[in-house]
Amino acid sequence: MNKLEVIFAYNTLIVLAGTMLLGIAAGITGTFLMLRRRALAGDVIGHAALPGVAIAFLIYASIAPEAGKSLPVMLLGGSVASACGMLAALWLRNVGRLPEDAVMAIVLSTFFGAGVVLLSIVQASPTGAQAGLRDFIFGQAAAIRISDVTLLATITIGTILISNLLMKEWALMCFDEGLARVLGYPIRTLDFLLMALVVAVCVAGMQAVGLLLIVALLIIPPTAARFWSDSIGPNIWLSAIFGAVSATAGGIASALVPKLSTGAIIVVAAAIVLMFSILLGSKHGLLLRWRARRVMRYKAQNPPPA
């Protein structure tokens, strides 16, 4: 089978469609997450999902020991645990008056520690070999099915619609929370909706890139977009494009070289996009700044005649 046949094979197209949709949704939500200065939130959500996945497997295994693992049940468990993690972070931030980075570190380490303990219990259980929790940690994009693509398409469309509907409110909350409060915006509700959207994207991305790498898709594309524009609208769409390009490039590379981990190579592709943006970005790229310095130096050395 030649390379084109591999790329256009049905299973490969399903994987590419799923990862591309994930890249778009992650890029859009990640833009607001980065502007909100919560880059670690995706990491918290990913790590917090592990105990939920483990608990869901243990409960389902006790109810139906012969049925093996159930992906929807484990995703539901991860969703509940991720939501609990974000609610805990929001509660500590509002009630405990702790710094943002301290809150994120506390929740991340606590939930992931609980997940590691539960993971050892799962592995020791009679059906532990069927859990496949490693796939949730590191991702297994090759297992994406048409039903997963449908779910990702739904989440992506919902992300686009909600982001457009709440763009003004979220932008004001991100840039000037104090002014948003004075104007009467429901900050807690807006914050909760943003975090709920992030949880949905992260949980949907477990299958593709895994719990530990999903934060890269949330943060790297929006960071790359900042080197091309200072406006929030273009940033959102550039982030979506960069996320889709990274996911597609990683999926193609993984298809052509089967031993490559799809989630890891997607993150590498996103990092390459970021480096390209840092060097050649039309707003803050290094080349642009280098040329501007050269022009200023030339003007300083060659002043116009009086």
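F276 sits partly out in the open in this predicted model: its relative accessible area comes to 44%. That puts F276 in the partly exposed class, because the class runs from 20% to 50%. The residue belongs to helix α14, and it helps to make a nonpolar patch on the surface, together with L279, L280, L286, L287 and W290. The patch covers about 550 Å². Two elements each give two or more residues to it, namely α14 (262-280) and α15 (286-301).

Helix α14 has another side to its story. Buried residues in this helix are T262, G263, I265, I266, V267, A269, A270, V273, L274 and S277. A general point about helices is handy here: with 3.6 residues a turn, residues three or four places apart point the same way. As for its length, α14 has 19 residues, and at 1.5 Å a residue these should span 27 Å. The C-alpha atoms at the two ends are indeed 27 Å apart, so the expected value and the model agree.

Elsewhere, helix α9 takes in residues 177-182, with E177 among them. E177 has a relative accessibility of 19% and therefore counts as buried, given that the cut-off for buried is under 20%. What does the side chain of E177 pair up with? It makes a polar contact with the side chain of R36, at 2.8 Å. Setting aside neighbours within four places in sequence, the residues in contact with E177 are R36, R93, L172 and I187. R36 thus turns up both in the polar contact and in the contact list.

M167 is part of helix α8, which covers residues 167-175. With neighbours within four places in sequence left out, M167 touches F32 and I236. The second of these partners, I236, is 69 residues away along the chain, yet the C-alpha atoms of M167 and I236 are separated by 9.9 Å.

Stepping back to the whole chain, the secondary structure amounts to 15 helices and zero strands. Of the 306 residues, 48% are buried. Among contacts with a separation of 6 or more, 74% link residues 24 or more positions apart, and the contact between M167 and I236, with their places 69 residues apart in the chain, is one example of such a pairing. On the outside, the chain exposes about 15200 Å², and 70% of that area is supplied by carbon and sulfur atoms.

How values were computed: Residues numbered from 1 in each chain as written. Predicted model: local features only at pLDDT ≥ 70, side-chain atom pairs only at ≥ 80, totals over all residues. Heavy atoms only, no water. Patch = residues over 30% accessible without salt bridge, like charges linked within 9 Å, V, L, I, M, F, W, Y side chains within 5 Å. Areas by Shrake-Rupley, 256 points an atom, 1.4 Å probe, with all protein chains shown as cover. Salt bridge = Lys/Arg side-chain N within 4 Å of Asp/Glu carboxyl O. Helix = DSSP H or I, 4+ residues; strand = E, 2+ residues; numbered from the N terminus. Buried < 20%, exposed > 50% of the residue type's maximum accessible area, 1.4 Å probe, protein only. Expected span 1.5 Å × (residues − 1). Polar contact = N/O pair within 3.5 Å; in protein donor to acceptor, adjacent residues only side chain to side chain. Contact = heavy atoms within 4.5 Å.
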